[in-house]
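Here are my comments on the entry you sent round. Please read them with the structure open.

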Amino acid sequence: MKPRMNLLAVSLAALIVSPAWAQTEAMDHGAMPGMNVDSMGQDAMPGMDHSKMNHAAMPDATTAQPGMNSDMSGSMDGMQGMDHGEMNMQGGPAPADARDPHAYSGGYTLESGPYSRPGPRELRLADEHNFGGLLIDRLEWTHANGGGNASAYEMQGWFGRDYDRLVVKAEGDVAKGKLEEARTELLWGHAIATFWDTQLGVRYDSGAGPDRSWLALGVQGLAPYWFEVDAAAYVGDAGRTALRLGAEYELLITQKLILQPRIELNAYGKSDAARGIGSGLSEAQAGLRLRYEFTRQFAPYIGIERASKLGQTADLARTDGEKTGETRWVAGVRFWF
Amino acid sequence: MKPFSSHALSVPNFPRRRFVQGLAAGGVLLGLSTVAKPGWASAAERAGSSAPVLTGTEFDLVVAESPVNFTGNARMATTINGSIPAPTLRMREGDTVTIRVTNKLRVPTSVHWHGIILPYQMDGVPGISYKGIAPGETFTYRFKVGQSGTYWYHSHSGFQEQTGMYGAIVIEPAAGERLRVDRDYVVQLSDWTDEDPMRVFAKLKMQSDYYNFNEPTAPDFFRDVSRNGFRAALDNRKMWNEMRMSPTDLADISAYTYTYLMNGNAPDGNWTGLFRPGERVRLRFVSSGTQSFFDVRIPGLKMSVVQTDGQDVEPVTVDEFRCGPGETYDVIVEPRDDAYTIFAQSMDRTGYARGTLAVREGISAPVPVLDKVEWLSMADMMGAMGGGMGDMGGMNHGGMAMDHSQHAMPGMNMDGGMGGGGLSKASSQVRHAKTEYGPSTDMRVDMPRMNLDDPGIGLRNNGRRVLTLADLHTIGGPLDARGAEREIELHLTGNMERYTWSLDGLEFGKSTPVHFRQGERLRVILHNDTMMTHPMHLHGMWSELENPDGGFQARRHTIPVQPAQRISFLVNADAPGRWAWHCHLLYHMDAGMFREVVVA
């Protein structure tokens, strides 16, 4: 999944909520509340809910009886007052009277009925074939200001079909030849909306401190304005709980030179001192990586990243005489096959 | 059948290693030293060659792997009788033909006679018409040719069509050609990739814009801001961003991997058709691109379109026409100068197939530059509602309701539909399938465009007279005077981000057949809920395209349905059996944009 639009447009998305503006925009599709850019996206990304905001911002448009008979061939002005609220171009629930896609079958199936070929069905297209891929999103060397060098990886692999697949995620840091912190997840990915998959499975943390196992339930997908979002909740042993939120954006400077802002937030329900984790929001990372895609599948990058420990986790770090935050230079390669 | 098992780019392992005729010149770009010489030297001296021609009532075709070189890299192709395109089969209306197809591949194959009306067992779709042709086997097709015109044939197994299995069929009318011409050429357009097509497909599943290098960039945005102002620039992108769709999603596969071929010649191969000034030349364009629409023109010449999909039409003079996978267009030109370029640019404007009409070998005319990439318009995304947005000048949709699911549309026929009263014209009541509300679709169009006079994205207002569906009038009218007795509605659907393609939101594997009652005259409505044009090909029976008022337009075997467009056609369900019905973009078809039809 690869966002394509530009950052400025995104950063200005906030402007879209301006009521004055929304009302003057005849074709303000963002103002189509029913457009319902699929509910998952909205739920998963508080603050991304442009359509609802616009909805609220357009009382006239949503309550007015649409100009049903207005001449549509005219200018944009002619479209003012149209009830975008009733439009629903993506996602949403099917209305009760939606058509049955099997209504034309006459009761026949691909295996039965007149002229069907004997035996099991022979024709199977790609929808019944398995595909797979492995994206190494980050394989990088980091150098912290006034600190040491380390390396890090983040990858995601999948195998299966369009709407149900096995997903493997792995992320970790290695310093001085030792695995510092690693998260590995094995998940069943299931498509639930146009741009969203649920992911259900297990997570295993290793590295410094005792290993931890978790059950994982998350969503991954593409939010409006091309934000790639990966959010998950975890339940572990001894009543441990955790939340993780990652988001990425890809700003095309050219077709091959791409700037990728990225954030990651972690929070925990209770302290786990053995792993240096305090309860509450524990850690935040914000990075900016500039990559050049020699091919779509191979792109070296450089970047900078700020990592901060927060709240009780920061307190624990201070107690242990560790830094609570650092800024790192990164250089690495992104590739997939 | 295993659609993806077939393929050829692996290590060659066959006894007779020979070079494919007719594509040598196309391959002469680079690196000739890497391949054996003998075939090349002689071929390279010719201007691009054409496919061989086989004539009569008995044809022997052999499917095998052959080495080719279109790009400077030697690759294995799947060929028929060792050539790309496959031999042109010339038949005569009224004859019964026998075609023996022998499979020398290591995987099953098949040959489908595209647009030919024949018994379903002869239609050549593995798993529907027959079991396919196993390695080492010969299948004998036999059928009576009851039609005339320009058609084509191709493999219906896996991606064998992409790797070279396509050829033209020219059927002479029983009474002789109606149109007198001095020269008659097949011009077959296609696309070639050095990649394994299955790998191409897998890449699209991983990143659906893998081959699109015309995505909007940040500098584009700033340029728009300085030209049009901040709000206009933002506005222009707003809906695309909201909906997570790309305005330059014009073709899934571009010249980044494709080399576009004319009669099996890459552009530098320059296929050349000879003429003497003043002669009337018939060009039979066969659009065999697996995933490419071509926009065809011959700068300096008007083209008189006289036939489409093998059916004669009232001649219409144009500068340019768009042809999608599966379609054929016959045009007549009367060249007077020494040389003209036949220019067929891909719809996404990343490359072109090119040839020359010339008074002698070895000369050429200037090759036009590719047109600029145009963004898809509101009309392409939103149908009639977007039509008022400015770039569809001249369209007049009249009164429109905003929500078909709840309101009547003033001025539009509401009494169609299932069990409705009048079926004199297609129902305009949009009825999305239940299965269009899930992950398999990325948009639904509530207010489709129903007009046929739109040349399509990239061809609007380009200063040239471009053919549209509204220009096509099949001579002699419809096959059957009966009106529609029943109406069915099928929606063309997909999710570009996931690279899934379907009908009514259901891929083939989850679908049930569409039942045509034998003997009925049926109206089919195709409603495009995607932003791409889909050439929809119904096997076994003609699709008689009608206009929104129910008037007959043209008899087709492949109907291109534009983004957010809703078209209808009538079918005589007179061909008992099971038939394939699918988008002829090969990767869409293989993704599951495919239905089985039962006529019983």
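The numbered points below deal with charged pairs, one sheet, two polar residues and the cysteines.

1. Status of the model. This is a predicted model. Please keep that in mind for every distance below.

2. Salt bridges overall. Side chains of opposite charge can pair when their charged atoms come close. Over all chains, the count comes to 77 salt bridges. Three of chain B are taken up in the next points.

3. B:Arg90 and B:Asp184. These two form a salt bridge, with 3.8 Å between the closest N and O atoms. The cut-off is 4 Å, so the pair counts. B:Arg90 sits in strand S4 (residues 86–92) of chain B. B:Asp184 sits in strand S10 (residues 183–193) of chain B. The two residues are 94 residues apart, and the pair links distant parts of the chain. Are the partners buried or exposed, or in between? B:Arg90 is partly exposed, at a relative accessible area of 25%. B:Asp184 is also partly exposed, at 27%. Both values fall between the limits of 20% and 50%, which means that neither residue is classed as buried or as exposed.

4. B:Arg556 and B:Glu327. Here the closest N and O atoms of the salt bridge are 2.7 Å apart. B:Arg556 belongs to strand S27 (residues 552–556) of chain B. B:Glu327 belongs to the loop between strand S17 (320–323) and strand S18 (328–333) of chain B. The pair therefore ties together parts that are 229 residues apart in sequence. B:Arg556 has a relative accessible area of 0% and is buried. B:Glu327 is at 1% and counts as buried. Buried means under 20%, so both ends of this salt bridge qualify.

5. B:Asp380 and B:Arg449. Their side chains meet in a salt bridge of 3.7 Å, N to O. B:Asp380 is in helix H6 (residues 378–382) of chain B. B:Arg449 is in the loop between H6 and strand S21 (486–495) of chain B. The separation is 69 residues, and this pair too links distant parts of the chain. B:Asp380 and B:Arg449 are both buried.

6. The five-stranded sheet. Which strands make up the open sheet of chain B, and in what order? The order is S1-S4-S9-S8-S6, with mixed pairing. Strand S1 (53–55) and strand S6 (112–114) of chain B stand at the edges. Each has a single partner strand, so one side of each is left without a neighbour in the sheet. From one strand to the next, the twist averages 25°.

7. Pairing of S4 with S9. S4(B) pairs with strand S9 (residues 166–172) of chain B in the parallel sense, over five bridges. B:Ala86 has B:Gly167 in S9(B) as its bridge partner. Strand S4 of chain B is also the strand that holds B:Arg90 of point 3.

8. B:Gln311. This residue is found in strand S16 (residues 311–318) of chain B. B:Gln311 counts as buried, at 10% relative accessibility. What does its side chain meet in polar contacts? One polar contact, of 3.1 Å, joins it to the side chain of B:Tyr151. Another, of 3.0 Å, joins it to the side chain of B:Arg555. Leaving out residues up to four places away in sequence, B:Gln311 touches B:Ser148, B:Tyr151, B:Val306, B:Thr474, B:Trp542 and B:Arg555.

9. B:Asn212. The residue lies in the loop between helix H3 (197–206) and helix H4 (218–228) of chain B. B:Asn212 is buried, with a relative accessible area of 9%. Its contacts, leaving aside neighbours within four places in sequence, include A:Gln255 and A:Arg296 in chain A. Within chain B, the contacts are B:Ser246, B:Thr248 and B:Asp249. The side chains of B:Asn212 and B:Thr248 are joined by a polar contact of 3.0 Å. B:Asn212 and B:Thr350 are 138 residues apart in sequence, yet 9.2 Å apart in space, C-alpha to C-alpha.

10. Cysteines. How many disulfides does the structure hold over all chains? The answer is zero. For B:Cys323, the nearest cysteine sulfur is that of B:Cys583, 15 Å away. A disulfide needs sulfur atoms within 2.5 Å, so this pair does not count. B:Cys583 likewise is in no disulfide, with the sulfur of B:Cys323 as its nearest. B:Cys323 counts as buried, at 0% relative accessibility. B:Cys583 is also at 0% and counts as buried.

Conventions
Residues are numbered from 1 along each chain as its sequence is written. Chains are lettered from A and ligands numbered from 1 in the order in which they are written. This is a predicted model: local features need pLDDT of at least 70, side-chain atom pairs count only at pLDDT 80 or more; totals for chains, interfaces and linings use all residues. Side-chain values use heavy atoms; hydrogens and water are left out. Helices (H or I, at least four residues) and strands (E, at least two) are DSSP runs, numbered from the N terminus. Buried means under 20% relative accessible area, exposed over 50%, partly exposed in between (1.4 Å probe, protein chains only). Two strands pair if DSSP finds at least two bridges between them. Axes are lines fitted to C-alpha atoms, for helices over the stretch in contact, and angles run from 0 to 180 degrees between N-to-C directions. A polar contact is a pair of N or O atoms within 3.5 Å; within protein, one must be able to donate a hydrogen and the other to accept it, and residues adjacent in sequence count only if both atoms are side-chain atoms. Contact means heavy atoms within 4.5 Å.
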